[in-house]
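Here is a brief report on one protein model. It goes from the overall make-up to a helix, its packing, some backbone angles and a sheet.

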Amino acid sequence: MANISLYRRYRPETFEDVIGQDHIVRTLKNQIANGTVGHAYLFTGTRGTGKTSVARIFARAVNCMHPVDASPCGKCPACLELALSDNFDIIEIDAASNTSVDQIRELIDKVGFPPTIGKYKVYIIDEVHMLSKNAFNAFLKTLEEPPAHAIFILATTEVHQIPATILSRCLRFDFRLVSASMIAERLKHVFDDIHVTYDNEGVSVIANAGRGSVRDALSIADMCVSYSGGNITYNSVLEVLGASDPAKIAHLADAVASGDVDGALTEIARMCEMGKSMPVLASDLSSFFRNVLYIKTCKNAKQLLSIPDTTYTLLVEVAKKYSVAKCMTIMKAMNALEGDFRYSTQHRILLEAAIVSCAAGPEASDNAKIRELEAKVMALEKKVKSMAQSGFKPTPVKSDARQVWQNVASELMNRGQRLLALAVLEADVSSDDKKFVVAISTKATYDILTDKTNRDILNDVFKALSNLELDIKHVAKYEEDKSLPFVKSMFGSKLEIK
Ligand SMILES: [Zn+2]
């Protein structure tokens, strides 16, 4: 028994054992009880959600002599015979390795033979989307007029690849992802049964790592059992999964919150050196901020999250430093990376760029911009002061548009119009005999300059300095590929682009 995987060992034998697919189980049981069994079924859904298991239970149940609540009894001659893998009445075909039309013809030729044991011959065709077009066509005729004793169960993860002609002849059942709490219950049952001890937090991590697939969760459970020697703990599960220590993630989150780009990059470098996979780290960060979000928004977050007290305390600390919006931003950035990782081998650079932009964030970059503008203002104020001290009065200068414009800015400063002065400095100017053209590429700046009140002030100042016609335009600037300069500006000389 020891070498059989948990997944095989705990495969459901009856409808009662199937978890998370109540809507399907109920319908199938009713059909068996009412004698309204169909001839063609399509089972679709993600891997590990129970399609093949349910197909097998159903195949035995329709043949069972004494079904128990519509499930196979497991004791009658039909059940015993059909439990053998080489029986003649439940035929399992893996379409992934039997795609040719000849193989399907061979199957179809034998469909006419009656079952040897029970009432039905059941064909379970797994990965049915892999069949060739010709194979589907050959199959279609049989599906249109199946013998009374034949039942076809087509299983697939890719329902969109099934021809409509086939779909229209099948009763379709969509298998759902199984909730983590249901998987956790199942895991506990299995662990109790094999006398393995566990803590709830460890079980919860395994259940979540299954991502809706009971099979995947049980495979992970298998690894954890071997690794932990019969005592499954939260930390041992994290080690098996290669998941990040929450304390390290909290460090990184701290650095991001305080806009400490250097600290954030150092933390990533440390994890990278430890052999941590960047996609896994991105996914860990995403779950971490999901948990933070729970704490910020749910009253009973502690119960919902099922994490150890120490981790919970950590999260509470981090939650204080983050707004809901910021949590969402980071989660979105990390989730977006999942797609980017597929098209690039530069996983570390991608993650670093995402983290840096989260750390710098919209708020932080606004601050940087404000600081930059304030520096400009101070320089300008200084200049204006020194000009005033030297008794300088701005005089109209017609030849140099730039100079005129600087004088406009200075005069605006004199009048206490700081914002307007700053906006003015962002423009590109040029002039001819009649027009003084002010070109603005930033929409926000354009809006400031063309605001009615501002425009009046500007006109007033401009009129005193020039007799040209003032023309303010919003121009779209040609945008180059922004990403490379952005990455370079973030990392400076430390970055090597391979
Ligand atoms: Zn039976």
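## Overall make-up

Helices (H or I, at least four residues) and strands (E, at least two) are DSSP runs, numbered from the N terminus. On that basis, the protein has 23 helices and 10 strands. The model is predicted.

Of the 498 residues in the protein, 32% are buried. Among contacts with a separation of 6 or more, 74% join residues 24 or more positions apart.

## An enclosed helix: H9

Helix H9 spans residues 200–209. Eight of its 10 residues are buried, so H9 is largely enclosed by the rest of the structure. The buried residues are Glu201, Gly202, Val203, Ser204, Val205, Ile206, Ala207 and Ala209.

What do the buried residues of H9 pack against? Three helices are listed: H8 (180–193), H10 (214–228) and H11 (234–241). Strands S6 (197–198) and S7 (231–232) complete the set. Arg211 follows H9 and has a positive phi, near 45 degrees.

## H8 against H9

Two packed helices are described by the angle between their axes and the distance between the axes. For H8 and H9, the angle is about 125 degrees and the axes are 8 Å apart. That makes H8 oblique to H9. The crossing of the two helices is right-handed.

On the H8 side, the contact uses Ala180, Ile183, Ala184, Leu187 and Lys188. They meet Val203, Ser204, Ile206, Ala207 and Asn208 in H9. By class, the contact has seven nonpolar, two polar and one charged residues. Val203, Ser204, Ile206 and Ala207 are also among the buried residues of H9.

## Positive phi in two loops

Glu127 is not a glycine, yet its phi is positive, about 50 degrees. This residue sits in the loop between strand S3 (121–126) and helix H6 (133–144). Is Glu127 buried, partly exposed or exposed? It has 19 C-beta neighbours inside 10 Å. A buried residue needs 20 or more, so Glu127 counts as partly exposed.

His195 is another residue other than glycine with a positive phi, near 60 degrees. His195 lies in the loop between H8 and S6. It has 7 C-beta neighbours inside 10 Å. The limit for exposed is 12 or fewer, so His195 counts as exposed.

## A three-stranded open sheet

One open sheet has three strands in the order S8-S9-S10, with mixed pairing. Which strands stand at the edges? They are S8 (428–431) and S10 (469–474). Each has a single partner strand, so one side of each is left without a neighbour in the sheet. From one strand to the next, the twist averages 20 degrees.

Strand S9 covers residues 435–440. S9 and S10 run parallel and are joined by six bridges. One bridge pair is Phe436 with Leu470 in S10.

## Helices on the sheet

Helix H21 (residues 443–450) packs on this sheet and touches S9 and S10. Its direction makes about 150 degrees with that of S10.

Helix H19 (residues 401–414) lies across S8 and S9. H19 runs at about 125 degrees to S8. Strand S9 is thus named in both packings: with H19 and with H21.

How values were computed. Residues numbered from 1 in each chain as written. Predicted model: local features only at pLDDT ≥ 70, side-chain atom pairs only at ≥ 80, totals over all residues. Pairing = 2+ DSSP bridges. Axes fitted to C-alpha atoms, helices over the stretch in contact; angles between N-to-C directions. Contact = placed C-beta atoms within 7 Å. Parallel < 35°, antiparallel > 145°, perpendicular 65-115°, else oblique. Left-handed = near helix turned anticlockwise from the far one by under 90°. Nonpolar A, V, L, I, M, F, W, Y, C, P; charged D, E, K, R; others polar.
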